[in-house]
Amino acid sequence: MARTLRPMKRSTISHKNNGVIDRQIFALALPVLGTLIAEPLLTMADSAMIGHVGTAELGGLGTGSAILNFVVGMCIFVQYTTTSVAGKRLGMGDRAGAIGCGIQGMWMAASIGVVLSIAVWYFAPSLTRIMGAKGDVAQQSIIYLHYSSPGLVFMLVFLSANGAMRGLMNTQIPFIVSTIGTFANIPLNAFFIYGLHLGVAGAGLGTVIAQAFMSIVLFSFIAKAAYHYSVPIRPILRQIIHSGLQGAPLVIRTLSLQLGVMTTVWIAISMGKHILGAHQIVRSIYFFTVFSMDALAIAAQALIANAIGAGDRQKVRSVISRCIFWGTISGAALMLILVSLSAVLPHLFTTDAAVLDTAWIGLIACAVWLPLSGAVFMYDGILIGAGDVRYLAFSQLIVPLIYLPVAFSMRYLFGGGALGLVLLWCGYGCVFMGVRLITLVLRARSDEWIIKAENKI
């Protein structure tokens, strides 16, 4: 039955209530931070190790990892949908139902992962060719994809399990699991890359092993909870299909966002392997940074879903206010950190002078837009937590339609080199993220999405 709660007035939000919300946000966000940075840490560790093997290998890793990140990013709905549905169930007091949503979400993720891992392995040469990589860079990219593609199964299962745990308001266990997996992956990759001299193949193989460990351990925790609440862990086709249909609109939303990210890689590839190497360094650091901000957005997802499930519209608005505040502040703080370390961080990834001469200024160019990005991540998480996926799907289609012509125009008007990399990241930060912010703010300021979420319960 639909709720008929009146919209809350902003004046009713007290400072005491703000403090309570802040503590809830950070209680969820801090462990999530460790979980979120696991994947970019794996990529950064790979980039740092492979960068000392050779420039072609670094470019191949950059191309291959961009393809894998695109595939995983397209499937992020397996995590977001599970968080929203499980969080609402928990808010209604149905913990067993929340666990059941998580179990079926993992079965859906595993099924998708098997298909995608086979497809990426088989089409690795074609995917690399589409990215525009040539010669040694293309060869290294294909090798990396062949060894990394089996990890897609484990990565998607881990994402879905992680979403279930967030919906259950438990972010500590995923944090512990991902931390162990990440730290174990570093010496493992070092052994394969340097000890066995496998190069990019070793980077892919070590990461797959780490992903397998994380997914199996996290699945076991949820399976144990399912046994305690007498929730079946077998696949139920009807529920798997239902979960897939609920998350389908997020595929459109994610495709739009991934097009923006992939465009930066395509343009960097066209500028030559040294610019591509510099771009890979900047991209690795950037995504490590924005995943840090996304921890707050994940907390917003869980809190918004829980508040809507409980029918607490006042808390919904309180979460929005505090998350936007902290998202912007964290973006500004991270901007200052990256700018101050811009001359140092690229040296962790390579000794190639041509790459270093460009990477530092590209890092500054991407850092200045982090406060704006912080707000974007928060609004996005808020609407995902409410399950407002249809609006997100179709509104975000506008973003690449505006950004892509701007990005390619700047590339061919101003050329490559350091200036080209700077303009590439300025275009991404200002135009791509700026248009996203406008579409999200217009939606979040209304009550329509809250009413729709309440009516679905």
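**Group meeting: contacts in a predicted model**

The side chain of serine 342 comes to 2.9 Å from the backbone oxygen of valine 339, and that is where I would like to begin today. I should say at once that what we have in front of us is a predicted model, and I will keep that in mind as I go.

Let me stay with serine 342 for a moment. It sits in the loop between α13, residues 313–340, and α14, residues 353–367. Is serine 342 buried or exposed? With a relative accessible area of 5%, serine 342 is buried, because the cut-off for buried is under 20%. If we leave aside residues up to four places away in sequence, serine 342 touches Trp360, Leu363 and Ile364.

Next, the salt bridges. As a reminder, side chains of opposite charge can pair when their charged atoms come close. The structure holds six salt bridges, and I will go through some of them by following two arginines.

One of these bridges joins the side chains of arginine 436 and aspartate 380, with a distance of 3.6 Å from N to O. This pair links distant parts of the chain, since arginine 436 belongs to helix α18, residues 417–444, while aspartate 380 belongs to helix α15, residues 370–385, and the two are 56 residues apart. Both arginine 436 and aspartate 380 are buried. They also take part in a network of salt bridges, in which Arg253, Asp380 and Arg436 are linked.

The other arginine is arginine 443, whose side chain meets that of aspartate 388 in a salt bridge of 2.7 Å, again from N to O. Which parts of the chain does this pair tie together? Arginine 443 lies in helix α18 and aspartate 388 in the loop between α15 and α16, the latter being residues 389–395, so the pair ties together parts that are 55 residues apart in sequence. Arginine 443 has a relative accessible area of 8% and is therefore buried, and aspartate 388, at 5% relative accessibility, counts as buried too.

Arginine 443 forms a salt bridge with glutamate 448 as well, and there the closest N and O atoms are 3.3 Å apart. Glutamate 448 has a relative accessible area of 46%, so it is partly exposed, whereas arginine 443 itself is buried.

I now turn to a pair of helices, α8, which covers residues 151–167, and α9, which covers residues 172–195. Their axes are 9 Å apart, and they pack at an angle of about 150 degrees. Angles over 145 degrees count as roughly antiparallel, and α8 and α9 are therefore roughly antiparallel to each other. On the α8 side the contact is made by Phe158, Asn162 and Met165, and on the α9 side by Ile173, Pro174, Val177 and Ser178. Of the residues in this contact, five are nonpolar, two are polar and none is charged.

Finally, I would point to two residues with a positive phi, neither of them a glycine. Histidine 197, in the loop between α9 and α10, residues 200–228, has a phi near 55 degrees. Serine 230, in the loop between α10 and α11, residues 237–270, has a phi of about 55 degrees. Are these residues buried or exposed? Histidine 197 is exposed, with a relative accessible area of 68%, and serine 230 is exposed, with 67%.

Conventions: Residues are numbered from 1 along each chain as its sequence is written. This is a predicted model: local features need pLDDT of at least 70, side-chain atom pairs count only at pLDDT 80 or more; totals for chains, interfaces and linings use all residues. Side-chain values use heavy atoms; hydrogens and water are left out. A salt bridge is a side-chain nitrogen of Lys or Arg within 4 Å of a carboxyl oxygen of Asp or Glu. Helices (H or I, at least four residues) and strands (E, at least two) are DSSP runs, numbered from the N terminus. Buried means under 20% relative accessible area, exposed over 50%, partly exposed in between (1.4 Å probe, protein chains only). A polar contact is a pair of N or O atoms within 3.5 Å; within protein, one must be able to donate a hydrogen and the other to accept it, and residues adjacent in sequence count only if both atoms are side-chain atoms. Contact means heavy atoms within 4.5 Å. Axes are lines fitted to C-alpha atoms, for helices over the stretch in contact, and angles run from 0 to 180 degrees between N-to-C directions. Angles under 35 degrees count as roughly parallel, over 145 as roughly antiparallel, 65 to 115 as roughly perpendicular and the rest as oblique. Ala, Val, Leu, Ile, Met, Phe, Trp, Tyr, Cys and Pro count as nonpolar, Asp, Glu, Lys and Arg as charged, and the others, Gly among them, as polar.
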